[in-house]
Each structure stands twice: as structure tokens, then as C-alpha cells.
Amino acid sequence: MDDQRLSMPIGEAMFTQRAIRRFRPDPIPMEDIRLILEAASKAPNGGNQQIARFLVVTDRAQIREFGRLYHQAWWAKRRDEHGWKGPEDIPAENRNYRSAMLLADEMGDAPCVIFALAMPPGAPYSVLPAVQNLMLAARALGIGSVPTTLHPEVMDRFNAMFGIPEVVSFHFCIPLGYPRGSFGPTSRRPTSETTYLDRWDAPVPWT
Ligand SMILES: Cc1cc2nc3c(=O)[nH]c(=O)nc-3n(C[C@H](O)[C@H](O)[C@H](O)COP(=O)(O)O)c2cc1C
């Protein structure tokens with residue numbers, strides 16, 4: 001496996017990674033998809049039981065059909081959370097939701113979608129580190145991604161669409177593609193607010 005191709009310094013990959021939701025249509029070479037999945041497979045997982053499974057979809061017609069399900073799922077989540085029914089309900093200043101809404105419109109155009117799934121018992125803890133490895137490896141290859149979820153309302157149709165057995169758990173839907181447009185840095189709370197030393201609420205020395 002040509003892991004030397006993931007030569008972006010790890011700090012650069014982590015510090016420049018962010019939710020990419022607008023993609024160019026260019027396909028991702030299958031050897032890059034493989035490298036990304038090889039990186040995912042190296043992640044820690046409970047008892048090394050390796051329950052994570054990945055379903056890679058590059059078929060245009062399937063992605064387009066899935067895009068319709070994703071759109072429905074996204075709006076079902078907004079309806080449950082906020083009672084929002086359409087774009088006019090989303091506050092204009094809420095850029096994160098506005099950008100996520102555009103992804104709901106454009107998911108069907110993504111060049112590749114990877115579903116992170118798991119065999120029983122399906123614990124998410126054994127899948128999440130692999131998903132982060134996957135997205136960092138993609139970042140190192142200049143490929144953008146974002147972890148997204150679905151909604152119970154679409155799960156039966158989702159499983160039927162891809163022939164996924166009922167015992168398999170769904171964790172993430174990750175569209176991948178070369179970023180369209182520019183993207184700036186992430187905005188996060190300072191670690192001095194989110195981190196304690198030795199005891200809950202005790203400050204770290206860099207406060
Ligand atoms: C558990 C989880 C669920 C998420 N679900 C969605 C989603 O359904 N749709 C979406 O567009 N982004 C989703 N995201 C992406 C987050 O919105 C994104 O990571 C966050 O806003 C930070 O973005 P940034 O790294 O660009 O600052 C999800 C992220 C996580 C970790």
C-alpha cells in the first residue's frame with residue numbers, strides 16, 4: 001500500500017480539515033479511495049474485533065437516487081429539531097445550517113459517498129476513529145468530506161436501496177469530493193475553555 005502518498009504533515013491535515021459540503025464533479029481515483037480505506041482500517045477499535053464496514057458508492061445513478069433520500073432525511077431532522085419545513089424557516093445568520101441545507105440539495109451530485117456501517121454489536125465507538133482516519137487521509141489527498149447522518153424515516157428504504165442486512169448498523173454517510181470554492185479555517189472554542197487539568201473545572205496552565 002502506497003502510504004507514502006499520504007505525505008501531508010499530520011498537523012496540517014488536522015488543522016486544515018473541515019466540513020466540506022460543496023464538491024467538484026471530478027471522480028476520485030479508485031486507488032485513492034482504496035488508500036483512504038486502508039488508512040481507516042488502521043484505526044483503533046474495541047478488542048480489535050473490527051466491526052466497521054464501509055460501503056463505497058461511486059455509481060452516478062445510485063448516488064443520485066440516494067441524494068433524494070438524503071434530502072428527505074435532512075429535512076426530517078430539521079422538522080424534528082426545530083419544526084422547520086423549508087428554507088424560509090432557517091435563520092439567515094445560521095450559516096452552518098444553510099451550508100448543510102445546500103449539501104442536502106447537492107448530495108446527489110457528490111462524486112463518491114461512503115457509508116460507515118458496523119456489524120453487530122454495532123458500537124459507534126469502534127467506527128468513529130476509523131471515520132476520522134478516513135477523513136484525514138482524504139484531506140491529505142486534497143479530497144474534502146463531511147460526516148453526516150440520516151433519519152429513521154428513510155432507513156428501511158436506505159437499507160433496501162443498497163441491500164444492507166437488517167443486523168448492520170448505520171453510523172455515517174460521508175460524501176467525498178474535491179472542494180469547490182474556497183474554505184477558511186474552523187472556528188472552535190479555546191481549549192482553555194474545554195479542557196481541565198487533574199480535576200473537573202480546574203484550569204489548564206495555558207489559560
Ligand atoms: C455526529 C456528527 C453529525 C453530523 N451531521 C451532519 C449532517 O447531517 N449534515 C451536515 O452537513 N454536517 C454534519 N456534520 C458536520 C458538522 O456540522 C461539522 O463537523 C461542524 O459543523 C464543524 O464544521 P467545521 O469543521 O467546518 O467547522 C456532522 C458532524 C458530526 C460529528
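Here is a short walk through the structure, one selection at a time.

This is a predicted model, where local features need pLDDT of at least 70, side-chain atom pairs count only at pLDDT 80 or more, and totals for chains, interfaces and linings use all residues. Residues are numbered from 1 along each chain as its sequence is written.

Start with the sheet. It is open, has 4 strands in the order 1-2-4-3, and its pairing is antiparallel (strands are DSSP runs of E, at least two residues, and helices runs of H or I, at least four, numbered from the N terminus; two strands pair if DSSP finds at least two bridges between them). Pick strand 1 (52–57) and strand 3 (144–145): each has a single partner strand, so one side of each is left without a neighbour in the sheet.

Now select residues 112–118 and 169–177. These are strand 2 and strand 4, antiparallel and joined by 7 bridges. Look for Ile 114, which stands opposite Ile 174 in strand 4.

Next, add helix 5 (residues 128–140), which packs on the sheet and touches strand 1, strand 2, strand 3 and strand 4 (contact puts C-beta atoms, placed from the backbone, within 7 Å).

Last stop: the ligand. Which residues surround the ligand? Show Arg 18, Ala 19, Arg 21, Asn 96, Ala 100, Leu 103, Val 146, Pro 147, Thr 148, Thr 149 and Thr 186 (near here means a C-beta atom, placed from the backbone, within 6 Å). Colour this shell by type and you get 5 nonpolar, 4 polar and 2 charged residues (Ala, Val, Leu, Ile, Met, Phe, Trp, Tyr, Cys and Pro count as nonpolar, Asp, Glu, Lys and Arg as charged, and the others, Gly among them, as polar).

Methods: Two residues are in contact if their C-beta atoms, placed from the backbone, lie within 7 Å. Axes are lines fitted to C-alpha atoms, for helices over the stretch in contact, and angles run from 0 to 180 degrees between N-to-C directions.
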